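Here is my note on the model, point by point. Please read it with the coordinates open.

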Amino acid sequence: MLAGISCGLLDQYELFDVQRVAMSEELASYDPYALPPEDVKEPPRSLGAALLKIGPGIILAGTIVGSGELILTTSLGAKNGFVFLWLILFSCVIKVFVQVELGRYAISSGKPTLGALNELPGRIFPTHWLVWWWFGMMLCTVMQLGGMTGGVGQVLQLAFPGFSEQMTAGIVQLVPATKGLFAARPELVWAIVTCLAAMLLIYHGGYRRIEWLTTIIVVSVTTITMLAVAALAWTDYSISWNQLASGFQFQTPPAGMMTAFAVFGITGVGATELFYYPYWCLEKGYARFVGRYDGSPEWEARAKGWIKVMQLDAWVSMVVFTISTVAFYLLGAAVLHPQGLHPEGSQLINTLANMYAGPFGPWTRILFLVGAGAVLFKTLYLACAANSRLAADFVILAGAAPAGVAKVRLKIIQRFCLFFPVLALVFYFVLHDPKLLVQLGGIAQAITLPMIAAATIYFRYQKIHPALQPSRFTDGLLWVATIAIFFVASMMIPQQFRELSRLVVNLF
């Protein structure tokens, strides 16, 4: 399927001179993963200057704070109250140590994630099996994007029902056979609009546009959510210190285990974000600023400096997405749980709106709907943009397109920027339950987490230059993260297969 999308690119490849494109100047124009010597830069020397160079982590936070936080995390709080607060915090913090090590290797080697995985030992075929595993996980996470597409559709349908009726009437007039479909599922009109908007936004969206747009949305969403939680103190749903303390008793109610493990997979830095992060670091220019390894002390100094910038970037983003994640969880636990409201099915978004309308009055409902739409749409377009970059590498590694030709890679990325939003829409059209789709994506990520964590350990001890190795403290926490990921996966995978079997039986 992915190779088919790149069909015709080999013909275009013959139209330009490969040697000319391979020159550093051309690669710098078309390939953000190139390492031309003229782009080498010294790292910033002060904290203020370093903060001006962060960005990949904010894009990652934009991907993280989405369906998992708005839907699964809130649902976990609605069903279980405050009991899983410790798990939310642990999930957000611990996986960052894996993220940082992947960033360290990307900056020092200049290799994106799939290219690095393709060099792992144990490769039998031309493309490593873990690269193919990513392909399967990616399809499951596109189901998750389908849940976001449907979620945005539900949000906009609730916020602007009159406009939905007008659009539906126009479509039915053109295609009368769709009358029954849109009558039963009026949010599909908005889901289609969402798909088209994502395609338009990312088709020509380079790194800079994605970074500044995401920064604005992430800062706005985080601020509003924090204010909403703080404002609960003046309502009937105020949060007491005893309630917060109950969230740190490390309890795991059996009824909430499946959802809890799915949340561990999808909140904080999930498997997909771990795959994404090295790509955004490379597009930001960290590896290009370091330059190609030449064994000199100057290279080592530059590499250490830009790795420190990357670490700052990762931890700033951790603070941002942790605040947002905890805020959504607290809203679900404090507002929805006492009322016995569980966000599910076609009423999912309408139920979530009660997090604001209940404490603050009906006037906040429209604000929540618009904000929820922005949160879900942001994650949708960022994930599609990132998946397009990885899918282009996958096509190249699989031998369906030439390697090292930046113009070909760019065209493949653009085609996938059109393909993934459409595929997400198709998944929602077929399964039409946002929460189910999001949970399927979370399960796929949780199964993949041990694999990417093990690969990270290999990079750390076999690939990282001796001068760039992390401290013992960071090493220790990387091992804690890896052990925790494997432990959760060992408990979760058998339950997941049973749950998936039940879901498939109920679906068909």
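1. Tyr-461 sits in helix α25. In this predicted model, Tyr-461 is partly exposed, because its relative accessibility of 38% falls between the cut-offs of 20% and 50%. Its contacts, once neighbours within four places in sequence are set aside, are Asp-475 and Trp-479.

2. Helix α25, residues 434-463, also carries Met-451. Met-451 has a relative accessible area of 21% and is partly exposed. The call is made against a cut-off: buried means under 20%. Not counting residues up to four places away in sequence, Met-451 touches Trp-129, Leu-130 and Trp-133. Met-451 and Ile-485 are 34 residues apart in sequence, with their C-alpha atoms 9.6 Å apart.

3. Phe-427 belongs to helix α24. Is Phe-427 buried or exposed? Phe-427 is buried, because its relative accessible area of 18% is under the 20% cut-off. Leaving aside neighbours within four places in sequence, Phe-427 contacts Leu-139, Val-142, Met-143, His-432 and Leu-437. Gly-146 should be checked too: its C-alpha lies 5.4 Å from that of Phe-427, although 281 residues separate the two in sequence.

4. Asp-393 is placed in helix α23. Asp-393 is a charged residue, and it is buried, with a relative accessible area of 7%. Which residues does Asp-393 contact, leaving aside its neighbours within four places in sequence? They are Pro-112, Leu-114, Tyr-279 and Arg-409. Two of these names, Pro-112 and Arg-409, return in the next point, among the residues nearest the centre of the second largest pocket.

5. The second largest pocket holds about 530 Å³ of space. Its lining has 24 residues. Nearest the centre are Asp-31, Tyr-33, Gly-110, Pro-112 and Arg-409. Three helices each give at least two lining residues: α10 (113-117), α23 (365-397) and α24 (406-431). Helix α23 provides the largest share, three residues. By class, the lining has 13 nonpolar, five polar and six charged residues.

6. Now the enclosed space. Rolling a probe the size of a water molecule over the atoms shows where empty space is left. How many cavities of 30 Å³ or more does the structure hold? It holds two. The second largest cavity has a volume of about 50 Å³. Its lining consists of Leu-102, Tyr-105, Ala-106, Lys-111, Pro-112, Thr-113, Ala-116, Leu-117, Pro-278 and Phe-459. Helices α9 (96-109) and α10 each supply at least two of these residues. The class count is eight nonpolar, one polar and one charged. Pro-112 therefore deserves a look from several sides: it lines this cavity, is among the residues nearest the centre of the second largest pocket, and contacts Asp-393, which is buried at 7% relative accessible area.

7. On cysteines, a search of the whole structure finds zero disulfides. Cys-417 is in no disulfide, and its nearest cysteine sulfur, that of Cys-384, is 8.0 Å away. Why does that pair not count? A disulfide needs the two sulfur atoms within 2.5 Å, so a separation of 8.0 Å rules this pair out. Cys-417 is buried, at 1% relative accessibility. Cys-140, at 28%, is partly exposed.

8. Last, the chain as a whole. Its secondary structure comes to 26 helices and zero strands. Of the 508 residues, 58% are buried. Among contacts with a separation of 6 or more, 85% join residues 24 or more positions apart. Phe-427 and Gly-146, 281 residues apart, illustrate two positions distant in sequence whose C-alpha atoms lie 5.4 Å apart. The accessible surface of the chain is about 20,700 Å², and carbon and sulfur atoms account for 66% of that surface.

Technical notes:
Residues are numbered from 1 along each chain as its sequence is written. This is a predicted model: local features need pLDDT of at least 70, side-chain atom pairs count only at pLDDT 80 or more; totals for chains, interfaces and linings use all residues. Side-chain values use heavy atoms; hydrogens and water are left out. On a 1 Å grid over the protein atoms alone, a cavity is a set of points where a 1.4 Å probe fits but cannot get out, and a pocket is an open set with protein on both sides within 12 Å along at least five of seven lines; lining residues have an atom within 4 Å of a point. Grid points are joined across faces, edges and corners, and a volume is the space filled by probe spheres set on the points. Helices (H or I, at least four residues) and strands (E, at least two) are DSSP runs, numbered from the N terminus. Buried means under 20% relative accessible area, exposed over 50%, partly exposed in between (1.4 Å probe, protein chains only). Contact means heavy atoms within 4.5 Å. Accessible areas come from the Shrake-Rupley method with a 1.4 Å probe; for residues, only the protein chains shown count as cover.
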